[in-house]
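Hi there,

Here is the structure I promised to pass on to you. Have a look at it first, and then read on for what turned up in it.

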Amino acid sequence: QVTLVESGGGLVQAGGSLRLSCATSGPTFGSSAMAWFRQVPGKEREFVAGIRWTMTYYAESVEGRFTISRDSAENTVYLQMNSLKPEDTGVYYCAESPHMTRRATEVRSWGQGTQVTVSS
């Protein structure tokens, strides 16, 4: 069982930047696919970015603005978010799966979430 703990959320003005971190523990981090999802009230949890080995994947809405990376030595996954927009507001969740997936229903482990609020 992988444990995921997010940090780095907060309030930022539009155009600003934030970096989210996901500290992981467990035996499968090196071979797992890691991802970030986000959710706003009343909507389904949506895929934001993912990484497995050296391959990265992004939602169209964040392509070119967000960067996902992982530090295997620190067992940590990061999401660098630049040029933030009010529509990026939501609770951001770290996710772990045996294979890369954009579907929340296929995620194996979730973090507790961290709030990101972008003001206009």
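The radius of gyration used here is taken over C-alpha atoms, and the globule rule it is held against is 2.2 Å times the number of residues to the power 0.38. For the 120 residues of this protein, that rule puts a compact globule near 14 Å; the protein has 13 Å, so the two agree. Please keep in mind throughout that this is a predicted model.

**The overall picture**

The C-alpha trace spans about 40 × 30 × 25 Å along its principal axes. There are 11 strands and zero helices, so if you follow the chain from the N terminus you will meet β elements from start to end. Buried residues account for 43% of the 120. Of the contacts between residues at least 6 apart in sequence, 58% join residues at least 24 apart.

**The four-stranded sheet**

One open sheet has four strands in the order β1-β3-β8-β7, paired antiparallel. Its edges are β1 (3–7) and β7 (66–71); each has a single partner strand, so one side of each is left without a neighbour in the sheet. On average, neighbouring strands in this sheet are turned by 15 degrees against each other, direction ignored.

If you want to trace one pairing by eye, try β1 with β3 (residues 18–25): these two are antiparallel and share five bridges. A handy place to begin is leucine 4, whose bridge partner in β3 is threonine 24.

**The disulfide**

The count of disulfides comes to one. Which cysteines does the disulfide join? They are cysteine 22 and cysteine 94, with an S to S distance of 2.1 Å. Cysteine 22 sits in strand β3 and cysteine 94 in strand β9 (residues 90–97), so the link ties together distant parts of the chain, 72 residues apart. The angle about the S-S bond is -85 degrees, which makes the link left-handed. Both cysteines are buried.

**Around β11**

Strand β11 (residues 114–119) has two faces that are easy to tell apart: Thr114, Val116 and Val118 are on the covered one, while Gln115, Thr117 and Ser119 are on the uncovered one. This strand pairs in both senses. With β2 (residues 10–13), β11 runs parallel, joined by four bridges, and leucine 11 has threonine 117 as its bridge partner. With β9, β11 pairs in the antiparallel sense over three bridges, and here valine 91 stands opposite glutamine 115.

**Two residues with a positive phi**

Two residues other than glycine caught my eye for their backbone angles. Tryptophan 53 has a positive phi of about 55 degrees and lies in the loop between β5 (46–52) and β6 (55–58). Is this tryptophan 53 buried or exposed? Its relative accessible area is 54%, and the cut-off for exposed is over 50%, so tryptophan 53 counts as exposed.

Serine 83 also has a positive phi, near 50 degrees, and lies in the loop between β8 (76–81) and β9. With 41% relative accessibility, serine 83 counts as partly exposed.

**Two buried residues to click on**

Tyrosine 58 lies in strand β6 and is buried, with a relative accessible area of 13%. Leaving out residues up to four places away in sequence, tyrosine 58 touches Phe47, Val48, Ala49, Glu63, Phe66, Thr67, Ile68 and Arg102. Two of these contacts come with a distance. A polar atom of the tyrosine 58 side chain lies 2.9 Å from the backbone nitrogen of isoleucine 68. Phenylalanine 47 is 11 residues away along the chain, and its C-alpha atom is separated from that of tyrosine 58 by 7.9 Å.

Aspartate 88 is in the loop between β8 and β9. Where a residue under 20% counts as buried, aspartate 88 has a relative accessibility of 1% and so falls in that class. With the same residues close in sequence set aside, aspartate 88 touches Arg38, Val62, Arg65, Phe66, Ser83, Val116 and Val118. Ser83 in that list is the serine with the positive phi, and Val116 and Val118 belong to the covered face of β11.

Happy browsing, and best wishes!

Technical notes. Residues numbered from 1 in each chain as written. Predicted model: local features only at pLDDT ≥ 70, side-chain atom pairs only at ≥ 80, totals over all residues. Heavy atoms only, no water. Pairing = 2+ DSSP bridges. Axes fitted to C-alpha atoms, helices over the stretch in contact; angles between N-to-C directions. Disulfide = S-S within 2.5 Å. Buried < 20%, exposed > 50% of the residue type's maximum accessible area, 1.4 Å probe, protein only. Contact = heavy atoms within 4.5 Å. Polar contact = N/O pair within 3.5 Å; in protein donor to acceptor, adjacent residues only side chain to side chain.
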